[in-house]
Amino acid sequence: MTDAVTVVARLRAARGKGDTLAALLAEQSAAVLEAEPGCLVYRPHRSAKDPDLFLFYEIYRDEAAFEAHRNAPHLAAFRARRVEEGLTEGPVEVEVFRSLTD
């Protein structure tokens, strides 16, 4: 699957909002996996050491699937909720990787 796109994203919960953010990220994950057949993995993680730190690990079949994800209305809605509810602190850090092998 040399066309696969992997995304690793980190975000931090606002003080006192970690559990609320965790619930929203779990809901977001389910929505993405249901609505986007080109998304093979979309998994949020919570740090065992720092419960306000979250990491996403995502794999898309190809660039088109990743582009569909980036433009999906359901993703925009979840981002808006995070902002409206003040759930995050600081910027979301995103790294995009492209597979070298199958």
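1. Rings of Phe, Tyr and Trp are taken as a pair if their centres lie within 6.5 Å, and a pair counts as tilted if its planes are neither under 30 degrees nor over 60 degrees apart. By this rule, two aromatic pairs are counted in this predicted model.

2. One pair is formed by Tyr42 and Phe56: the ring centres are 5.0 Å apart and the planes stand at 50 degrees, so the pair is tilted. Distant parts of the chain are linked by this pair, as Tyr42 lies in strand β2 (residues 39–46) and Phe56 in strand β3 (residues 53–60), 14 residues apart. Tyr42 is buried, its relative accessible area being 4%, and Phe56 is buried with a value of 3%.

3. Tyr60 and Phe66 also form a tilted aromatic pair, with 5.3 Å from centre to centre and 45 degrees between the planes. Tyr60 is buried at a relative accessible area of 0%; Phe66 is buried at 6%.

4. Helix α1 (residues 18–35) has 18 residues, which should span 26 Å at 1.5 Å a residue; the end C-alpha atoms are 26 Å apart, in agreement with this.

5. The buried residues of α1 are Gly18, Leu21, Leu24, Leu25, Gln28, Ser29 and Val32. Seen down the helix axis, the buried residues of α1 fall within an arc of 145 degrees, so they line one face. On the face turned away from this buried side are the exposed residues Asp19 and Glu34.

6. The buried residues of α1 are covered by elements including the strands β1 (5–13), β2, β3 and β4 (88–98), together with the helices α2 (63–70) and α3 (73–84).

Methods
Residues numbered from 1 in each chain as written. Predicted model: local features only at pLDDT ≥ 70, side-chain atom pairs only at ≥ 80, totals over all residues. Heavy atoms only, no water. Phe/Tyr/Trp six-rings, centres within 6.5 Å; stacked < 30°, edge-to-face > 60°. Helix = DSSP H or I, 4+ residues; strand = E, 2+ residues; numbered from the N terminus. Buried < 20%, exposed > 50% of the residue type's maximum accessible area, 1.4 Å probe, protein only. Expected span 1.5 Å × (residues − 1). Arc of directions from axis to C-beta. Contact = heavy atoms within 4.5 Å.
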